[in-house]
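Biologist: Could you take me through one part of this model closely, the place where the two chains meet? I'd like one connected account rather than a list.

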Protein chains: 2
Amino acid sequence: MGDVIFMPLTVAIGQLNPAAGDLAGNVRKICSFVATAREGGADLIIFPDRAITGYGGVDLVNRQGVVEEELLLFEEVRGASEGISVILGSERMGSLVSEGSEGDVQAHDLFDCILNLKGVRVGVLRGELSVDEVSRYGQGLGVDLIANLVARPFSVGGRGRVMDRLTWVAMECGVGVVQVNMVGGDGGFVFDGGSSVIDPGGVVEFAAPQFVEGVFIHTIGSKTELPPSLSEIEVVYDALLIATRDYLQKNGFKRAVVGLSGGIDSSLTATICADAIGPGNVTGVSMPSEITSSESREDALLLAENLGIEFREIPITTIFNEYLRTLREEFGMRVGGVAEENLQSRIRANILMAISNRFGHLVVATGNRSESLVGYCTLYGDMAGGFAPISDVPKTMVYRLAELVNETAGFERIPGRVILKEPSAELRVGQRDTEALPPYHVLDEILKALIDEKKSVEEVIDSGYESEIVLDVIRRVRESEFKRRQAPPGVKIVSSIKEAL
Amino acid sequence: MGDVIFMPLTVAIGQLNPAAGDLAGNVRKICSFVATAREGGADLIIFPDRAITGYGGVDLVNRQGVVEEELLLFEEVRGASEGISVILGSERMGSLVSEGSEGDVQAHDLFDCILNLKGVRVGVLRGELSVDEVSRYGQGLGVDLIANLVARPFSVGGRGRVMDRLTWVAMECGVGVVQVNMVGGDGGFVFDGGSSVIDPGGVVEFAAPQFVEGVFIHTIGSKTELPPSLSEIEVVYDALLIATRDYLQKNGFKRAVVGLSGGIDSSLTATICADAIGPGNVTGVSMPSEITSSESREDALLLAENLGIEFREIPITTIFNEYLRTLREEFGMRVGGVAEENLQSRIRANILMAISNRFGHLVVATGNRSESLVGYCTLYGDMAGGFAPISDVPKTMVYRLAELVNETAGFERIPGRVILKEPSAELRVGQRDTEALPPYHVLDEILKALIDEKKSVEEVIDSGYESEIVLDVIRRVRESEFKRRQAPPGVKIVSSIKEAL
């Protein structure tokens, strides 16, 4: 391990939560962060990649005029950065650097540029560090510090791998690394921040907290106490909460409405909403039919009371009967079967959408990843909504999150019976999810192998699952693709692993 | 212009309509085309790009095992091609050539390879010919004939530009060109075929018909009568028809159900369905409310009679009233406004989906591109469906298509009143589209400028439109993005121009 090189450079991490497409608003925030950093004595402030456009502005950046607008806005940043150097990343223009009065900028092969500041050579690089490329240089990299600007979508288990890589690069090349990451929910992804400074010996000397926006000032070479590290499931809960909060906020919604079935998915979703935007801004609606058990009705009410959200019960029986009568008398059609099950789910969606249209609530959909992948959900029914917080959360993880909620609260905030009872869509008398699907722990393992690990059906069967079950799962996944194409937006939690790393 | 060089080579064009992901089925068809070509005396058969996987199999080709499967299947094609050379394109592996007993294959800089066959040097190239690259070679290209394999999504006006380019390349380089294009609907696009042979003087010596699958045999150097050329609007109608037919067929649906409002969008959509899969396989459902005019009800019935499709009328009034009563009594909510309008649209969707779930019809959605872009449509209401044939057709083009239908039929197959009456969603008494939107000819021009030509708002205003109208249009486009994200799949007709050329 190399010695820690003392570099009397004070760096501010601009851990920014930009809004996709709101270029002017993002630049206002960037300028205020620059002022804060300067007041805090920083020589340099580093922002994440895509700081001006936001992450979701990918379509936008291909639009005529946006490149020009981004450049003009960066000149505003430059104008506001007297006495301090500023670095930020742009999807179309690479790394943008305002060198300040102290610094100067040189071109470089590997880096987007090198900023010389107070005798420190800062190599600026957008996007994930390529270990292959960096390792070719090793100790001959020719910089003292790497400023690495990223906008890395959060994924379960992703952070450990990133930190390993940063540590490896620092030690291999004998340089310090400052990696600045975006924070907040944007464009179908969530960003966890957690920007960090690694010393040339591979030791983390500073880390900004995860999921918190702000300016974090650190003098290179000093060692600061690190924020307490969260468990994997705590991080996931925070990710869902921030994603939900930002989706509502960035799309101009103040209130959310959630259909409460008394089941675990809608209970967790309502809890996330209450924690994200405050219980006073959430309405839970129970819409029982004649099939709905009294336990489910009680549990929906109890959950709403525990969360402190508004609760309404709107029975759907008479509307449902009127559909059945109309279809029978006008069409000669006895509904029955899946048509009858889906009809109930769609009546509930219509009611929630009517509330949304009338009062401006966002309808928050409650489906999880496991049921979405196998199509165990109703298009225009329980799939309806403006945002689906847990749509990328496997059912087994839904249970872990519900248990975390209760542990954190110190009481059964999500009623214990909701967690313990056997899952049922309650669209037919006596219906149970396991009539149609394998138990969720088995289903989730098979889905992980087939979808996330891209194993072939044969490999999955060879690893010990019944071929009949595996073939049924893959058939369901294929046949329900048309439903997922019309699903509401959600936030990638599991599915972004491959894309992100 | 160069002289026509006589090359006694007989080429078969394998104008194929593959199904995305059905690799084995596509290869069976390829082998049968190879046999037909051999029986017809061809020395060589050329297939389009992505012949084995189909166009929509892009996700699929990234899956483990698919590359191996495609290679194995090409060995089957090779085995079935005794006495004839075969060329086809693959997304992952480039041009695949079975040289046959007569031919031999060489590597090349510009071309994927060169096939020497009966003294003719055939340069094989996947994807659109790059004029820049080819022109560098000019007369020194070193081949006699270019075999160009494409899978080019159809777009309005695209064919003329392609033919200009092919002619230019032939003349510039003094070579013949055979361009083989895919045909049929696949993965959100439609392909028009129209494969053609250009002589070294730039003259089209053969053209396969548009929208027809088959083996077309042509001896290079001879001149065949060209198929009659279709008007632009005839081509669009054929494109929509083929896209609809193939979407249903490739997804295993035999029957379609369409909600008939008596308006022009649903009338055109039902006509396309009837022509695509036969009137006996189409059900039209009129779902009047108290707001629906008697004219609309009559026009829906008259259209169904003209088309010869099954017709049902299912009034939604009692269901609608039951929603209003339930929401009033259980929630204390007077619905009214947009909530009330959307509720009617969503009741209709529920009825169509119940018919779909009960009898297995595909619900065909009736929305056009103009209203989709400005969000003048109801999510989970008129936007509901498995396929949306005219979702990329501007409203002004909907009128031209309806007029074409009637001209072709020689009578008012789509009732004249449907074409003449002022457009209305009929979700509120006296409602007219023009209360909310500019007249459609103006709206379509503004949308074309903003969306297709990517002009800035300022440019569009400067070109002579009222700023208030342009700003309202762009606001509507932005605010309705969330609806389009949940729209059913359709077929790109206008929007693919940029992607395709």
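Modeller: Sure. First, a term: buried area is the accessible area, taken with a 1.4 Å probe, that two parts lose on being put together, summed over both. Keep in mind that this is a predicted model. Between chain A and chain B the buried area is about 4,500 Å², and carbon and sulfur atoms give 59% of that. In residues, 47 of chain A are in contact with 47 of chain B.

So who is doing the touching? On the chain A side, the elements that give two or more residues are strand 17 (310-313), helix 9 (317-331) and helix 10 (337-359). Helix 10 of chain A brings the largest share, with 14 residues. Sort that side of chain A by class and you get 24 nonpolar, 10 polar and 13 charged residues.

Despite those 13 charged residues on the chain A side, the rule finds 0 salt bridges across the interface of chain A and chain B. What does turn up there is polar contact: 21 residue pairs between chain A and chain B, with both partners at pLDDT 80 or more.

Now zoom in on helix 9 of chain A and helix 9 of chain B (residues 317-331), whose axes come within 9 Å and cross at roughly 175°. Angles over 145 degrees count as roughly antiparallel, so that is how helix 9 of chain A runs relative to helix 9 of chain B. From chain A, the contact uses T318(A), I319(A), E322(A), Y323(A), R325(A) and T326(A) of helix 9. Helix 9 of chain B answers with T318(B), I319(B), E322(B), Y323(B), R325(B) and T326(B). By class, this helix-to-helix contact has 4 nonpolar, 4 polar and 4 charged residues.

As for salt bridges elsewhere, the structure holds 64 over all chains. One joins R297(A) to E313(A), with the closest N and O atoms 2.7 Å apart. That pair links distant parts of the chain, 16 residues apart: R297(A) sits in helix 8 (residues 294-307) of chain A and E313(A) in strand 17 of chain A.

Notes: Residues numbered from 1 in each chain as written. Chains lettered and ligands numbered in written order. Predicted model: local features only at pLDDT ≥ 70, side-chain atom pairs only at ≥ 80, totals over all residues. Heavy atoms only, no water. Contact = heavy atoms within 4.5 Å. Salt bridge = Lys/Arg side-chain N within 4 Å of Asp/Glu carboxyl O. Polar contact = N/O pair within 3.5 Å; in protein donor to acceptor, adjacent residues only side chain to side chain. Helix = DSSP H or I, 4+ residues; strand = E, 2+ residues; numbered from the N terminus. Nonpolar A, V, L, I, M, F, W, Y, C, P; charged D, E, K, R; others polar. Axes fitted to C-alpha atoms, helices over the stretch in contact; angles between N-to-C directions. Parallel < 35°, antiparallel > 145°, perpendicular 65-115°, else oblique.
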